[in-house]
Amino acid sequence: MSQFLDPTLEVSTPKQSGHKRTESSYSTSYSVLDIYETESPISARSPTTTNNELGDEIMRGLDELEFKDLSNDNTLFASNGSETEINSNSNLNLNLNLNSNSYIEERIEYITPINNITNIKTILSSPYDMYGFKKKSNLSSITPEHYNQWFEQYSQYLLERKQKWLSLMRTNGLNLPNDSTIPTRFPPKSAKVKKLIRKGIPPEWRGNAWFYYAGGYEKLSKHNGLYKEIATNGVKNKDSDVIERDLDRTFPDNKYFKSNDNNEPKMIQSLRRVLTAFAHYKPQIGYCQSLNFLAGLLLLFMNEERSFWMLVILTERIIPNVHSHNLEGVHTDQGVLMLCIKEYINQLWPILGKSFDGQLIAEDKILSNLPPIALVTSPWFMSLFVGVLPIESTLRIWDILWYQGSKTIFRIGLTLFKMSSETNEFQELTSTNSSQNDQVELYQFMQSYPKSLLDPNEVLGNCFKKIGGYGYGSLSQAEIDTCREFVSKQREKLNNKKKNTSIAVTDEERQTLLLGQDVHDVYGFHRSIMILQIK
Amino acid sequence: MSGRKKTLLKVIILGDSGVGKTSLMQQFVNNKFSHQYKATIGADFLTKEITIDNNKQVSLQIWDTAGQERFQSLGVAFYRGADCCVLCYDVTNEKSLNNLTSWKDEFLVQSNVTNPQDFPFIIIGNKIDVDDSKKIPSLQKKLQNITNNQLGGLNYPVFETSAKEGINVEAAFEVIAKMALQQEELNDANGHDVSDDYNDAINIHLESEYSGCAC
């Protein structure tokens, strides 16, 4: 089964581990088919959970062992490794501590891996997709037939991509005992890895890959045990009511989130704990609607503790202040997006930059009076495209987001605007002199159009392809950072102005802005910031 | 200057998170109720053509919004030009009833309407289908305290509805449409143009700050 074993592993793998405490070399993948075919979540899940717990503990223990031993004992990695098999290895003398706070450690595999024809057929005949979402969407015209038509092609693509990833792992000395193993360690960032990331992480690997590349292990090892502590103690706080109201309204179209008559799904319980713990840990944010979508999606791919830390990483590093009490980050980032549109899709600005009464918003007022189209784009930042695009497209964006950071949101945002502007509907809506009515219809179109983008390769191809694409892959993080800083400074002044305090630009500020010119700049974006500044 | 069609009436639905704003809108426009609605982020709207007073065709554009307080900071753009504002509470949630006043105040601040004193508001108490035991104790008295209080100023028509069962939803929106039409006609008579005051709330001239710079 493990024909790819490589002797170099003996040296490299165990020594690379800087996170022995929390990270195992490999975690075993369990087939979720058993879960999938039954409607009763409890009975189906319990054994899998136990397996996983045991598996995790064993893997953790194995980390301490010589890697050679691992390679000699392939049964441990069998994808359907049953409890008996695991227990038969009791000579490993592992400390299986299953009783303490087991609810937090419990992990169910929710994702159906697309690694063979049987699984593909299962998905094709099911009303649900590989993540448990209903194929039929309430929000768009996508039907199960439509979905299947796409998925027949896309599943083949997934099989191909998986092979590419397996090969990438091998060339990086990260051999997997078999194709069903889910790695917890990934190759260091490189041009090659980036390319593969953009083409999609295998769905069942996603949780681990996101966590790895987003720096989850660093967070986890720095705050070892903290989540457990908060989740156990901070069961209720001032945000509990609001959180409670959103639990069932997070993914009502996902079977793992759907409440049965009597039993509250495990997923809802996890979502409650993660959101409550987050509100407790980040009182400057508390609970903000849309965090439920982010936490919910994370929980499909990783355990509670990891989902929690990913939320922390997201709100600290990737989209700071977006969920804060005044949503200042939403205003800032949308200001940045508007300036990006103005710069990179300039021909669209006269259309998108209008207020509801059809007047173009004056250049110097863009940041204080965001155009109404900003109502469409606010969920792009707050929910990171969850519910904005079909799920696979959203997940493919998340693959890149956790690897490349916040510039991804702006790159995709520009792509969505550009794509929509190339449709007939858009052309029609904007061909006549726009009245308030047309402006509102345009708003509606911009909100519904992305929901129809079932094929992620179309969106990402347009965004990143050097030939035949829009080239938004060149928008750099430095540009975004500079622009964010600019917008947030202007808004700060604006707020100060409202309070009648001084708003004069200091020499120091001007100096900082001028220095920004040195940043490499493909499109002249920084120049435009300067123009706006100095004009 | 304004290209607004006379028959387009803009209605804004406000209220705490989870009171049923999306459900009310969906029930009225599409005659359906679902447990599948997700929490609303940002804003959403639906349009419905209706006939009022037997012969008047109007197009109701209904805006549904996120209910969590902090989302109000995103609301400026679409509050403007509203013809009627619906204040919603949940008959099982006392806090949502008590918050009606602040929703009204917030709307008036953000929408910049010309006639705050007589701008048409309507109050909807949703979820009357739920068991009486779960409802706010002595609801009618509390409601009266809020609506009759001259200082609080919520002396508006009240409808009790069930978006789930479709009770009273149609009736409420008919009144909403009539009130909105009246407001619209009033605005037209006054020659009010929305864009006139558009920039008053926040008026920043970046260039003025750099007037000394020659580049």
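**Entry 1: helix 17 against helix 21, chain A**

I began with the contact between two helices of chain A, and I found that A:Val336, A:Leu337, A:Cys340, A:Ile341 and A:Tyr344 in helix 17 meet A:Phe410, A:Gly413, A:Leu414 and A:Phe417 in helix 21. I note that this is a predicted model, and I read each entry with that in mind. Sorting the residues of this contact by class, I got 8 nonpolar, 1 polar and no charged.

I then looked up the geometry of the pair: the axes of helix 17 (residues 328-344) and helix 21 (residues 407-421) of chain A come within 10 Å and cross at roughly 55 degrees. Because of that angle, I enter helix 17 of chain A as oblique to helix 21 of chain A. For the hand of the crossing, I wrote down right-handed as helix 17 of chain A passes helix 21 of chain A.

**Entry 2: the domains of chain A**

Stepping back to the whole chain, I found chain A divided into domain 1 (9-213), domain 2 (219-318) and domain 3 (328-534). I looked at where domain 2 touches domain 3 in chain A, and the contact takes 5 residues from domain 2 and 8 residues from domain 3. On the domain 2 side, helix 15 (residues 291-301) of chain A gives the most, with 3 residues. The class count for that side of domain 2 of chain A came out as 4 nonpolar, 1 polar and no charged residues.

**Entry 3: helix 10 of chain A**

Is helix 10 of chain A mostly covered or mostly open? I found that helix 10 (residues 206-213) is mostly covered, with 7 of its 8 residues buried. The buried ones are A:Arg206, A:Gly207, A:Asn208, A:Ala209, A:Trp210, A:Phe211 and A:Tyr213. When I asked what covers these residues of helix 10, the elements of chain A that I listed included strand 2 (182-183), helix 11 (216-222), helix 15, helix 16 (304-318) and helix 20 (391-404). Just after helix 10 of chain A, I noted that A:Gly215 takes a positive phi of about 85 degrees.

**Entry 4: chain B**

I turned last to chain B, which has 7 helices and 6 strands, and whose elements, from the N terminus on, run β-α-β-β-α-β-α-α-β-α-β-α-α. Of the 215 residues of chain B, I noted that 47% count as buried. I also looked at how far along the sequence its contacts reach: among contacts in chain B between residues at least 6 apart in sequence, 75% join residues at least 24 apart.

Conventions
Residues numbered from 1 in each chain as written. Chains lettered and ligands numbered in written order. Predicted model: local features only at pLDDT ≥ 70, side-chain atom pairs only at ≥ 80, totals over all residues. Domains from an automatic or database assignment. Contact = placed C-beta atoms within 7 Å. Helix = DSSP H or I, 4+ residues; strand = E, 2+ residues; numbered from the N terminus. Nonpolar A, V, L, I, M, F, W, Y, C, P; charged D, E, K, R; others polar. Axes fitted to C-alpha atoms, helices over the stretch in contact; angles between N-to-C directions. Parallel < 35°, antiparallel > 145°, perpendicular 65-115°, else oblique. Left-handed = near helix turned anticlockwise from the far one by under 90°. Buried ≥ 20, exposed ≤ 12 C-beta atoms within 10 Å, placed from the backbone.
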